[in-house]
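Student: I have a new model open on my screen and I'd like to learn how to read it. Could we go through it together, feature by feature?

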Amino acid sequence: MDVSEILTGLYSEQGRQNPYPFYTALHAHGPINAIPTRAEHSTVTAVAGGYDVVDRILRDPLWYKGFPPGWEEQEILRTFLTSMMFVNPPDHTRMRAVFASTFTPRRLGALEPVVVRIVEERLAAMAEAGADGTEVDFVADFAYPVPALVMAEFIGLPAADLAWYRQRVDWIDEYMDVAGKTPERLARANQAAEELRSFYRDLIAHRRRAPGADLISGLVEVLDAGEVELTEDELISNLIVLFNASFVTTVYMFSNGLPLLLAHPEVTAALPGDDALARGCVDEVLRMESPVHFLARSAPAAAELDGVPVERDDNVLLLIAAANRDPARFPDPDRFDPHRDGPPSLAFGVGLHFCLGSAVSKLEGRLALPRLFARFPRLAVTQPHTYSGSLFLRGIDKLFVTTGEAG
Ligand code: HEM
């Protein structure tokens, strides 16, 4: 397979279901390659899957996030481009500082009992739904509600609005996929952005009148005190992007992780009570089944990367999920090994835009997995599963299981 064939394969339904053989083929061509012919709706000129080159580009603060032309006319792009995830320094530095100051170890510590409570509640609900061997959908009953409810409580979103909210998140994520820039998807993403902006405007006004202990109340307070350099419009954009970034990613950490863990009964049996193993499992699940498969950056100047020339402003596709299985960095990369040492995976990115919420997701995984297998030692998957049709956010949306408990 040449590089064009690999990319065509990767973007096909087969590739989205199982991209790993294509990543293996790509590694054989070297860490980075020019793209001879571009896919429809794609603007990238080179593709990198080697750990070292992806890591190097992400860590280089001069490599930047490109703005698509005409962005001022689209609500979704206006929202993105006034949020930390999509902008470059100095705006990025300014906005990230405001949010980083609210993600303190203290706030994270306060989240621990919240996560435990939500996990225990979901396990109880799952036990009830799965009594007498009834099949339950692990995603609907656990992988989705745990992060959704944790984040809702953390940010301060009413839990009753989550289903409505999730539809808008999906519309935005569909637009973000590698070939997602179609007019229909753009229109839906614009609608989602408009509706979410108005949702947050109301919520902020409400928190202003009746503040709580949540993130929005805290942010509104520092904003109104004039203590931070952030407009209310930017606050709204960042809240939209923050919740979007936190949401499906963590759902997929759980749903992609379960079949991987169940294939290793010695690991699931040892998980209850072994915090170090739980941490190792979370890291290894994220390495092997990264919820985010790619990022992109634009070149600050003409350069040669491992022998591949790139021009200034060229957009390079960075396949972090391929880098996480680079045999040069992770020996026997397709083997699940929660005790693996070696470099950190790139599942949360690295450098300026390194995931702001990585500690939140890791906390959820570390607290939830041992409890899940303590409660259901005979948990079993009952049907073959498929992955979302997206490479940007790749994960299992439905996963039928039996809890293995007698009624
Ligand atoms: C397993 C779950 C998660 C995964 C795999 C993940 C992955 C990522 C990745 C790859 C990036 C880098 C984006 C880039 O470089 O362009 C990122 C950024 C970000 N993530 Fe996460 N994330 C997860 C959970 C969360 C959670 C729980 C939150 C919020 C509490 C969050 C908030 C953010 C934010 C705000 C950014 C942008 C940071 C910046 O641009 O400076 N993420 N995430």
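Student: How do the residues of the shell around the ligand divide into nonpolar, polar and charged?
Tutor: Sorting a shell by residue type is a good way to begin. Here the shell holds 15 nonpolar, eight polar and three charged residues. Keep in mind that this is a predicted model.

Student: Which residues are the closest to the ligand?
Tutor: Of the 26 residues that surround the ligand, the closest are Lys-65, His-92, Arg-96, His-353 and Cys-355. Next, look for pairs of polar atoms. The side chain of Lys-65 has an N or O atom 2.4 Å from an oxygen atom of the ligand. For His-92, the distance from a side-chain N or O atom to a ligand oxygen is 2.7 Å, and a polar side-chain atom of His-353 is 2.6 Å from an oxygen atom of the ligand.

Student: Which elements give two or more residues to that shell?
Tutor: They are α6 (91–100), α13 (232–262) and β4. Helix α13 provides the largest share, with five residues.

Student: β4 makes me curious about sheets. What is the order of the strands in the open sheet of four strands?
Tutor: To read a sheet, walk across it from one edge to the other. The order here is β1-β2-β7-β4, and the pairing is mixed. At the edges are β1 (32–34) and β4 (295–298), each of which pairs on one side only. From one strand to the next, the twist averages 25 degrees.

Student: In what sense do β1 and β2 pair?
Tutor: They are antiparallel: three bridges join β1 to β2, residues 46–48. To find one of them on your screen, start at Ile-32, whose bridge partner in β2 is Ala-48.

Student: Which helix packs on the sheet?
Tutor: Helix α4 (residues 51–59) does, and it touches β1, β2, β4 and β7 (315–318). The direction of α4 makes about 125 degrees with that of β7.

Student: Now for burial. Why is helix α1 described as largely enclosed by the rest of the structure?
Tutor: Count the buried residues, meaning those under 20% relative accessible area. Seven of the nine residues of α1 (residues 3–11) are buried, so the helix is largely enclosed. The buried ones are Val-3, Ser-4, Ile-6, Leu-7, Gly-9, Leu-10 and Tyr-11. Their cover includes α2 (13–17), α3 (20–28) and the strands β1, β2 and β7.

Student: What caps the N-terminal end of α1?
Tutor: Look just before the helix for a side chain that turns to a backbone nitrogen. Asp-2 is the cap, with a side-chain oxygen 3.2 Å from the backbone nitrogen of Ser-4.

Student: Is Leu-379 buried or exposed?
Tutor: Leu-379 has 7% relative accessibility, so it counts as buried. You will find Leu-379 in the loop between α17 (358–375) and β8 (380–381). Leaving out residues up to four places away in sequence, Leu-379 touches Met-126, Leu-258, Leu-262, Leu-372, Phe-373, Val-401, Thr-402 and Thr-403.

Student: What should I look for in the backbone itself?
Tutor: Look for exceptions to a general rule. Most peptide bonds are trans, and most residues other than glycine have a negative phi. In this model, the bond from Pro-89 to Pro-90 is cis, with omega near 5 degrees. Pro-90 sits in the loop between α5 (75–80) and α6.

Student: Where does Asp-306 lie, and what is its phi?
Tutor: Asp-306 is in the loop between β5 (303–305) and β6 (308–310), and its phi is positive, near 50 degrees. Asp-313, which is not a glycine either, has a positive phi of about 70 degrees. Asp-313 belongs to the loop between β6 and β7. As for accessibility, Asp-306 is partly exposed at 44%, and Asp-313 is partly exposed at 43%.

Student: And Asp-314: buried or exposed?
Tutor: Asp-314 is buried, with a relative accessible area of 17%. Its place is in the loop between β6 and β7. The side chain of Asp-314 makes a polar contact of 3.4 Å with the side chain of Thr-45 and reaches the backbone nitrogen of Glu-311 at 2.9 Å. Beyond four places in sequence, Asp-314 is in contact with Thr-45, Arg-297, Ser-298 and Ala-299.

Terms used
Residues numbered from 1 in each chain as written. Predicted model: local features only at pLDDT ≥ 70, side-chain atom pairs only at ≥ 80, totals over all residues. Heavy atoms only, no water. Pairing = 2+ DSSP bridges. Axes fitted to C-alpha atoms, helices over the stretch in contact; angles between N-to-C directions. Contact = heavy atoms within 4.5 Å. Near = heavy atom within 4 Å. Polar contact = N/O pair within 3.5 Å; in protein donor to acceptor, adjacent residues only side chain to side chain. Nonpolar A, V, L, I, M, F, W, Y, C, P; charged D, E, K, R; others polar. Buried < 20%, exposed > 50% of the residue type's maximum accessible area, 1.4 Å probe, protein only.
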